[in-house]
Each structure stands twice: as structure tokens, then as C-alpha cells.
Amino acid sequence: MLNFAYQQKVAVIGLGYVGLPLLILAAHKGYSVLGIDLDKERIASLKKGKSYNPEISDNDLQTIFEKDLIKVSTDYSELPSCDVIVVCVHTPLSSDRKPDYSYLVNAVREIAFRLRQGQLIIVESTVAPGTTSTLVQSHLQTCGFVAGTHYFLSYSPERIDPGNKEFKLNTIPKLVAGFTPTCQLLANKFYDSLGLTVVPVRTLATAEMAKLLENTYRDINIALVNEMAQVCRTNNINIWEVINAAATKPFGFQAFYPGPGVGGHCVPVDSVYYTSWARESGTPAKLAELARKVNAEMPQYVTSIIRQTLAATNKIISGSKILVLGVTYKKDTDDVRESSIIKLIDQLQVEGAQVSFHDPLVESINTNSTELQRITLNVNSISQQDCVVLAIAHSAYNMSWLYSVSPVMIDLTNAMADYPNNKLSKL
Ligand SMILES: NC(=O)c1ccc[n+]([C@@H]2O[C@H](COP(=O)([O-])OP(=O)(O)OC[C@H]3O[C@@H](n4cnc5c(N)ncnc54)[C@H](O)[C@@H]3O)[C@@H](O)[C@H]2O)c1
């Protein structure tokens, strides 16, 4: 039985936004760690001590490598030497917007080839309820391994919020469930040894569903304010002032803010994991499906604001020069996955606009039709635009300078709440 002495070895499979910080934390806590990722560029970068994750500094990486506690590889061959295996591969949507478990399936196959008696496998990737049992446990069972007997199986959803300065991996309580009580106990001990606050959850499906509730809750509430923003705009009411006023209620209300849509690898994806699973199980989640639709349509709504704004200067979208500031899914991250702003740019390009972009954290983006390189921001590059759209108010932006040099601006963020409206439209 595992007792989590520091001489034990931890493998983290999938070294992305979730897996890399976990790997570093385990190494800091004295574990010998093996990081496995199929992405050769990521592994090469880590070996050079270069972090690709803004949350992890090069210095952090180099310190761990110097202590010789870490090994990273594209190869699974050393997996049998590990006592704990944490699976953090991505669970995205396929091109037809369905849950794509292929990365998880591949990781489980690789584990199955090498499983050693007594290993603890923990899945952290976001999945629909039942997946840890049906996909992981069932596959290993067909390979002759019984969970709770030959190996231990746990599900513990990752809840990090990259860019969040207040809550980090080590301060967010960790939900932990096990296939058997012993599986749960072992996973509890592992996370406890990392210094995390463990919240035991009775079943795997409860932990899987809790993660989907957290993110579907966000999707639905953002849809509510996105819809209300549209109603308010029609009626000349400032949605931001409405939210700030409502937020003074000390109970029963949590503020969510409108925007050009909902992006990132979590909220818009996890809500589809939920709605697809609910529909398949025979009880469609109608509210969550509608919320997803409202949020997915925001790029079209923002396009209509741009159209109105240009019309005020006798211009149309086709042929207009439109500069979009900020393309990530939220402030101060470099993550463009599922970015609704790239969808907005797609829409503007379809309508014939000459779109350029700037983002302090992103050098290039792929739209449906082209690859765009970020432009340099200066008086010349901004003043020649027909319209400048502030889509993400990254901390690096100097708002008063942007406002002063832009001919016409649209603020989707409320960062320019106090600026005169004569050349400024707002969501
Ligand atoms: N990004 C977040 O903020 C966040 C927060 C909470 C939960 N999650 C969930 O955590 C999971 C991971 O998300 P992420 O953002 O870290 O993803 P990511 O895309 O940043 O990283 C996933 C990594 O897994 C690697 N990978 C894929 N298949 C592999 C395999 N078979 N073997 C080894 N490596 C493999 C990829 O190359 C990639 O580097 C997802 O299920 C996500 O929903 C993400």
C-alpha cells in the first residue's frame, strides 16, 4: 500500500495549463516526478528550462531541474516506476462540436500497456459523469486489471483559473472521489501530501458532475448578462451600471459581466460535455443548451454594434479597417482556445473587413481564412483605422493613450467607462 513517502514517484500525463503546475508542485514537495507529453515542442522547451505557461516562470522550472527531481519525456516507458499517475490531458470539442475523448482514450491505452500492481491512477481532465468508470476502469478491466484490487482509481477535477491572482492551484480546495473507499483514501493522502485542502466526494460521478456544474453555472449566468446587455442597449440602459448596482446586494447575487462571448478550454467546452451527456441520457438540459446558444451568438451581436458604429460615419463593414485589441479568451492570459474574439474576427472577415489585431500576449492567430500577425501599436497604425474594438482590457494596455489616438472606438469591456462617448460605443 502506498504511504506517500517522498521517495515515491509521481507521473503527470499531459503537461498543459493543468498538468505543468501540478508537476512543479509535486517536485517542490519533494516527489521525484515524471512528466509525459506527446507534444515534442513542449518537452523540448521544458528541457531547455523554458516555460510555455505564463503561470510558471523559467526560474521555477530551472530550480526544479537543478534538484534533479524531474524528468520530462514524450515516452511512456518509465511509467511502471511511478507510484501515482495523474492524467491531465485535454478534453476538447471535435470539429462537429461534440466531446472529444480521444486524448484521454489514448492516454489510458498507454497506461494499460504498462500498468503495474498497486499504482494509483487519478484523472483530473474534465469529463462527463460516468466517464472515469466507463472509459478508464472498463478499459483497464478488459486488460485484466481490477480497480481497487490491482490498482487504485480516483477522479479529482482540476479547478484552476489561469491568470487568477487570488486563487492558485495550492489554495483551491480539491474534490476527490474514488472507485472504492481505499482508492479515495489514497488519492486524499496524495493531495494532502501536496498541501492541498482535500474535499472528499462520495462517488466518481458526483465529482465529475460537480466540475460540470461549476462551469455550466458560469456559462448560464454569463448568458443571462449577455442577453440583458442586448435588452439594455436597445433601451439605452448601461448594463455595467445595472450589474454594479445589483452587486451591492450583500446576499443572493453574484456579478457576471457581458462580453463578446465565452471562450477558453473550460466554460464553453464543459457545458457541451454536460449538455451532450444530458441529452444522451434522455433528459436534455434545455437551459444550459439555450445559454450556450446565447453566448455563441455574441460575436454576431458585436458585429451588429460595429456595423451601427461604422454607419454613424457613413461606412460599412466591407472594406473598413478594423483593429481588434485583445484576442485571448480573458484578460492577462495568452490562451486563445475557443476565443470568441477570433470568431468575431472570422465574422468581420466574412463581411469583407480588413481586420488587424494586437494582443500583448499573442503574436499570431489563425482565423478561418488566414493567419494574422499582430500589428505594432503606434499613433500611425491606430489612427488609420476606421474602428478600434477593445475586446480584452489586458493590464498592459494604456487606456487613455488608446482612447486619445483612436478615431472611433468600441469598448466591449467597460474599461473605458469614464471616457466621453463622442467617439466611443459600448456593449
Ligand atoms: N486550462 C484550464 O484552465 C483548466 C482548468 C481546469 C480544468 N481543465 C481541464 O484539464 C484538462 C487539461 O486542460 P489543459 O488546459 O491543461 O490542456 P492543454 O491542452 O493545455 O494540455 C494538455 C496536454 O496534454 C497533452 N496530451 C494530449 N494527449 C496526450 C497523451 N495521450 N499523452 C500525453 N500527453 C498528451 C497535450 O500535448 C497537451 O500538452 C482538460 O480536461 C480541461 O478541461 C483545464
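Gln385 is buried in this predicted model, with a relative accessible area of 7%. The cut-off for calling a residue buried is under 20%, so Gln385 qualifies. As for where it sits, Gln385 belongs to the loop between α13, residues 379–383, and β13, residues 387–390.

What does Gln385 touch, leaving aside residues up to four places away in sequence? The list is Lys321, Ile322, Leu323, Ser356 and Pro407. Two of those names come back in the sheet. Leu323 stands opposite Ser356 in β10, and Gln385 touches both Leu323 and Ser356.

That brings me to the strands. Strand β9, residues 321–325, pairs with β10 in the parallel sense, over five bridges. Both strands belong to an open sheet of five, in the order β10-β9-β13-β14-β15, and the pairing is parallel. Reading that order, β9 lies between β10 and β13, and β13 is the strand that bounds the loop of Gln385.

Which strands form the edges of the sheet? They are β10, residues 354–358, and β15, residues 424–426, each of which pairs on one side only. From one strand to the next, the twist averages 20°.

Next, a helix pair. Helix α9 covers residues 267–280 and helix α10 covers residues 286–296; their axes come within 9 Å and cross at roughly 145°. The crossing of α9 past α10 is left-handed. On the α9 side, the contact is made by Pro268, Ser271, Val272, Tyr274, Thr275 and Arg279. On the α10 side, Ala288, Glu289 and Arg292 take part. By class, the residues of this contact divide into four nonpolar, two polar and three charged. The charged ones are Arg279 from α9, with Glu289 and Arg292 from α10.

Now the chain as a whole. How many helices and strands does the secondary structure come to? There are 14 helices and 15 strands. The C-alpha trace spans about 75 × 50 × 40 Å along its principal axes. For 427 residues, a compact globule would have a radius of gyration near 22 Å, and the chain has 23 Å, so the value agrees with that expectation.

Two further figures for the chain. Buried residues make up 52% of the 427, and Gln385 is one of the buried residues. Of the contacts with a separation of 6 or more, 66% are between residues 24 or more positions apart.

To return to the starting point: Gln385 is a buried residue in the loop between α13 and β13, touching residues that include Leu323 and Ser356.

How values were computed: Residues numbered from 1 in each chain as written. Predicted model: local features only at pLDDT ≥ 70, side-chain atom pairs only at ≥ 80, totals over all residues. Heavy atoms only, no water. Axes fitted to C-alpha atoms, helices over the stretch in contact; angles between N-to-C directions. Helix = DSSP H or I, 4+ residues; strand = E, 2+ residues; numbered from the N terminus. Left-handed = near helix turned anticlockwise from the far one by under 90°. Contact = heavy atoms within 4.5 Å. Nonpolar A, V, L, I, M, F, W, Y, C, P; charged D, E, K, R; others polar. Pairing = 2+ DSSP bridges. Buried < 20%, exposed > 50% of the residue type's maximum accessible area, 1.4 Å probe, protein only. Rg over C-alpha atoms; globule rule 2.2 N^0.38 Å.
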